[in-house]
Amino acid sequence: MIKFWDYLREYNQQRDDIIGCVERVFSSGRLILGSHVEAFERNFSSFCGVSCGVGVNSGTDALFLSLRALDIEPGDEVITVPNTAVPTVAAIRAAGARPVFVDVEDGTFLMDVSAIEAALTGKTRCIVPVHLFGQAVDMDCLGEIAKTKNIRILEDCAQAAGASYKGQKVGSFGDVAAFSFYPTKILGAFGDAGMIVTDRRDLGDRARRLRFYGMEHEYYSEEEGYNSRLDEVQASILDHKLGRLGFAVSQRQTVAAFYTRELSSVGDIVTPAVGRDRDHAFYAYTIRTGYRDRLREYLAGREIETRINYPVPIHLMRGYSFLGYRCGDFPVSERLAGEILCLPLFPGITIEECTTVVEAIRSFFRDI
Ligand SMILES: *Cc1c(COP(=O)(O)O)cnc(C)c1O
């Protein structure tokens with residue numbers, strides 16, 4: 001059986017270190033917002049090349065609190081893509097704003113920045129580029145638009161820890177950025193966790209008080225806030241895993257290079273495109289094929305798990321029908337939803353396992 005994702009292999013390899021992290025916190029006398037959170041905030045923000053990190057409960061909260069820190073409000077419009085995880089859009093709605101979609105590029109699956117101009121209105125306040133599957137959006141182009149139109153940029157980096165664009169780490173391009181450390185992500189916790197990173201001191205300070213009831217001093221709220229804390233145990237484990245993030249990303253890149261080499265001339269498969277100037281961190285390895293559903297079933301029959309990220313673009317989901325979009329509005333996203341397939345890729349997956357996946361795919365295309 002080859003799983004799509006599995007944390008146990010990595011856990012078994014690093015068990016003593018991870019248990020050590022837990023033990024240090026448990027015996028420290030402080031469980032919430034203590035020195036481990038502070039250390040991880042410092043280390044992770046500096047890894048991203050920015051000055052502030054604010055640990056929060058999840059990637060969704062990191063997005064939501066970033067929008068709140070930017071003063072995004074009901075009536076404002078926020079531009080993003082329909083080809084993303086639901087939380088990108090859920091966070092925009094939680095802030096009360098209206099998500100406005102633009103389509104993605106055919107090759108990279110990423111925000112088509114050339115479509116933004118047409119989506120701008122007088123109410124556009126913010127753009128949320130999603131560095132999907134571990135690959136950065138064209139940030140030069142976005143930066144230009146943001147500057148000339150005075151629009152804020154919030155990077156959704158949930159899938160892209162360690163990815164870069166022109167040698168610069170994601171999370172350092174926008175006004176502010178949101179990371180998720182949900183267990184499956186490139187830097188995964190053993191539970192929920194997220195972080196806001198920014199070089200703008202004002203936004204960092206604002207996000208810091210918003211995550212804790214709007215308080216700067218105990219028992220006194222400066223403004224209406226929330227409870228979105230990162231706990232010490234997760235921070236301690238994440239700080240440990242951060243030390244190995246470069247290695248973890250290079251392992252993913254090795255697997256991706258293997259899949260690409262072995263699959264690029266098999267059947268009608270299109271292997272993932274890496275855009276110019278990108279260092280792709282390969283959160284997911286996503287192929288395209290017109291035989292997607294049959295291939296997926298065939299692989300399942302051989303005990304190889306795959307996933308479809310994502311089977312339905314958000315503008316076509318019942319939960320977001322109130323936005324008023326229709327089938328046909330974002331043709332690239334809609335086509336991709338029917339053709340993409342994510343192959344097994346997790347920390348510690350072996351080249352033998354990847355070879356089994358490749359051989360099964362080859363044999364499928366021989367048989368059809
Ligand atoms: C996972 C994810 C999120 C949300 O992160 P959580 O920690 O699960 O709340 C947001 N955006 C994208 C693109 C994601 O993949």
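This briefing describes the surroundings of a ligand and one patch on the protein surface. The structure is a predicted model. In it, 15 residues surround the ligand, and the protein covers 91% of the 380 Å² of accessible area that the ligand has on its own. Elsewhere in the description, Y7, L8 and F190 form a nonpolar patch on the surface.

**Residues around the ligand**

- Among the 15 residues that surround the ligand, the closest are G59, T60, D156, S180 and K185.
- By character, the shell around the ligand divides into 6 nonpolar, 7 polar and 2 charged residues.

**Polar contacts with the ligand**

- The side chain of T60 has an N or O atom 2.5 Å from an oxygen atom of the ligand.
- For S180, a polar side-chain atom lies 2.6 Å from an oxygen atom of the ligand.
- For D156, the ligand atom concerned is a nitrogen, and a polar side-chain atom of this residue lies 2.8 Å from it.

**Elements that contribute to the shell**

- Two elements, α3 (59-69) and α4 (86-94), give two or more residues to the shell around the ligand.
- The element α3 gives the most to this shell, with 3 residues.

**Nonpolar surface patch**

- Together, Y7, L8 and F190 have about 250 Å² of accessible area in their patch.
- One member of the patch, L8, is found in helix α1, which spans residues 8-26.
- L8 has a relative accessible area of 39% and is therefore partly exposed, as this class lies between the limits of 20% for buried and 50% for exposed residues.

Key. Residues are numbered from 1 along each chain as its sequence is written. This is a predicted model: local features need pLDDT of at least 70, side-chain atom pairs count only at pLDDT 80 or more; totals for chains, interfaces and linings use all residues. Side-chain values use heavy atoms; hydrogens and water are left out. Patches are made of residues with over 30% relative accessible area and no salt bridge: like charges are joined within 9 Å, nonpolar side chains (Val, Leu, Ile, Met, Phe, Trp, Tyr) within 5 Å. Accessible areas come from the Shrake-Rupley method with a 1.4 Å probe; for residues, only the protein chains shown count as cover. A salt bridge is a side-chain nitrogen of Lys or Arg within 4 Å of a carboxyl oxygen of Asp or Glu. Helices (H or I, at least four residues) and strands (E, at least two) are DSSP runs, numbered from the N terminus. Buried means under 20% relative accessible area, exposed over 50%, partly exposed in between (1.4 Å probe, protein chains only). A residue is near a molecule or strand if one of its heavy atoms lies within 4 Å of it. A polar contact is a pair of N or O atoms within 3.5 Å; within protein, one must be able to donate a hydrogen and the other to accept it, and residues adjacent in sequence count only if both atoms are side-chain atoms. Ala, Val, Leu, Ile, Met, Phe, Trp, Tyr, Cys and Pro count as nonpolar, Asp, Glu, Lys and Arg as charged, and the others, Gly among them, as polar.
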